[in-house]
Amino acid sequence: MAAHLQSPPRTHRAQAPTTRQPRPQPVRALHLVPQQARGSPHTALYTKATTRNPGNFRCKPWNRSCPPPSLLLEATIMRCGRSARACRTLLVRALGFATALTLLTLGLAAQSVATPYADVAVRPAAQTALTGTQLAASWTGPLSTRGRYIVDADGNRFKLKSSNWAGAQGTYEGSGDVNDLNNHQAHQKSDNIPLGLDRTPISQIMADFHSLGINSIRLPFANALIHDTTVVPDAAVAANPQLKGKTPLEVFDAVVMALTADGFAVILNNHTTNYRFCCALDGNERWNSGQSTQQWVDDWVFLVNRYKSNKRVVGADLRNEVRRDTWNDPNWGWGNDHDLNKAYEIAGNRILQAHPDILIVMEGINWQGIPQGMFSHGRPNLKPVATLSNTLIYSNKLVYSAHFYGYTGSHHTGASGGWQNGETNDPRYQDLSLEDLVQAVNDEALFVTQEGQHFTAPVWISEFGVGGRGYDDDKAKAWFKNFTDILVKNDTDFAQWPVVGWTDSNGKPQDNWALINYSADGRQLSVNDPGDWRATDWNKLVNAPSKTGQIPQPNHWNMLNVEYGDYDASKKIYDTQARWSEGSTKEGSCPDGQRLLGIGRSYSHALCTDFAEPKATGGDYVVAKGDVGITGDWGEGYNRLQCPNDTFAVGFSINNMSGNWNRPNMHQLLCAPSTTPLPHDVSASRLVWFDNGDNRPATGGSAESDWGNNDYKGQCKDTEYLAGVAYTWKWNHGGQADALLCRRLPSPAPLHGTVIRSM
């Protein structure tokens, strides 16, 4: 063999790390501290506003409905309301020069934001609304993803311009008589169905939604709704008598049908377990709060099957604002019952197995830690995705999401009233300069849209908002303007919270965060009616120019993580529910149509790609076993796994014969037969050693992101295929992977697609 494939003497080879670094709390491999160098905070708890009196917002969770602070320090993560200030009417802010100047500043500040959209002109005036027929004709379901963009069935970009139609998740705040309006959010009793059906015919609600310029609705629901056989009160559907005598789920069905018939895309959102209004210590903190993970998954499969034939039900938003409960934090990648990353994988693949057409939406961790200065605390959002992303059995169905509100912050719960109420000295988002806000939003969410990385996916800001009429918080107003500018600049998919609220007998909004409020007799008050200061920024957002038309098919780079269990992303294998690697403790396989490109040495992470993918025959996979079928003298002196000629590695397995769970040893390779001959001579082969450190290409797929954090990694070039792995039990290496046999793909390579570049 050529010299570059020969094995030099390894008798004094340095040993790779064999024990994991202590897990930082609360998120492994994240440093949840402010970056003082740029003055930008990182990570915190979002709280949705609740109201006790119309227009007067108070921190409801610390009233009688919540545990007193003296009982549990953890209770400080309870949801806080908006600032309590006297309401006064404000003039609508002129757009003009101030907007242009701010956008110019934003353009300079946003250079660090991933894949920024080209400079855009703002058109604040509301455009002519599409009718239901026009909206329906403008796109074709189902939806998928291509790189950072969501596309329709024809491959055209479909930007989610959404709002949240709340109510079916419940409005009861947890104490007192459930029939007393005073015990419901903003004195609005939804009866566990979308708000407004008691006040306005659903056909008019559809028309009002169109007038806002939106094309999609995030539709929250509680797991309780699926099992609720109680008939809704007639009064709850007084304006829609055709819905009388129906259960909450049947009303939900009618709402979904009305929305999709009028052309709206619907994203189902599992908001809560019970009917308590989110979000406090309310039994809804995690997906498995008040229910098992299995029940949660089963409910999702039931619901997506229910709407499977409706191609305008486009997404499953798996869980809302996962956060700390009384005693435990959620985590990302620890493999236990609190592991959100693991739960998303389980649910996402089960849903796609039942309904391959639907988007899977994964929101990051909303809060970890006790919000006191002596404890680590913060809001990770999507930051953990940077080193541990998700891989589903369909790589074009994943969307990430995050929530931002001005009165919360990277480390701020959003509470007011001092430490007793969970308020910390950390800055709120609305306290940040424009430059620091741009950086925070990028660090916590929009970085995921960066092209060509293992985490690349669309990001949907599925909740944001602020009070409108009567709201007098100048900082919040400035934040809303800056934040919507960021969304415009980055051409970001969005969903405002909420779309529907009530007005009282005096015509005053009971929840002035809503874009549309209805009186008891059905009169409408919209954000576009005179007197709502948000109109300028809202119409700037919904009318902003954005990328349209055909989106090219991208290449993918996806992670495998078999650290805590099997990770078969191949649908072919997933569907069989049978393990392919006999005698292994854990196995992983790439999504169908992808191949193995890289392996981590100690923690069982790997990288897959479809770049220049050789086409598999579709025949049976071949399992390569230790020192069987080896050709040539590559890796001489080492144990070796080698795929047969004209096959390429698509999976790997490990076991723990070393007796050290932090040192998994290589066991087998899974190899797929190629439809065309693959080069396997010396000139097409090279060894990639990574026992002393990372050995990855300087350019190419996922070069700017770490798919094996705190580990030595070996990675073939994008134009190569992985044909073998060398490992040894010598020198206390414990059978861990030491080198990859990488071989050149046929030239010219049949490219699967093109990488989407920045516009």
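How many cavities of 30 Å³ or more does the structure hold? In this predicted model, local features require pLDDT of at least 70 and side-chain atom pairs count only at pLDDT 80 or more, whereas totals for chains, interfaces and linings use all residues. Residues are numbered from 1 along each chain as its sequence is written, and side-chain values use heavy atoms, with hydrogens and water left out.

Eight such cavities are present, a cavity being a set of points on a 1 Å grid over the protein atoms alone where a 1.4 Å probe fits but cannot get out. The largest cavity has a volume (the space filled by probe spheres set on the points, which are joined across faces, edges and corners) of about 300 Å³. Its lining (residues with an atom within 4 Å of a point) comprises 26 residues, and Gly147, Gln453, Thr456, Ala457 and His556 lie nearest the centre. By class, 10 lining residues are nonpolar, 14 polar and two charged; Gly counts as polar, and Asp, Glu, Lys and Arg as charged. Strands S12 (398-403) and S18 (557-561) each contribute at least two residues to this lining, strands being DSSP E runs of at least two residues and helices H or I runs of at least four.

Helix H5 (residues 248-261) spans 20 Å from its first C-alpha to its last, close to the 20 Å expected at 1.5 Å a residue, where the expected span is 1.5 Å times one less than the number of residues. Of its 14 residues, 10 are buried, that is, under 20% relative accessible area with a 1.4 Å probe and protein chains only; among them are Phe252, Asp253 and Thr260. The elements covering these buried residues include helices H3 (202-211) and H6 (293-306) and strand S7 (265-272). Just after H5, Gly263 adopts a positive phi of about 95 degrees.

Key. 1 Å grid on protein atoms, 1.4 Å probe; cavity = no way out; pocket = protein on both sides within 12 Å on 5 of 7 lines; lining within 4 Å. Buried < 20%, exposed > 50% of the residue type's maximum accessible area, 1.4 Å probe, protein only. Contact = heavy atoms within 4.5 Å.
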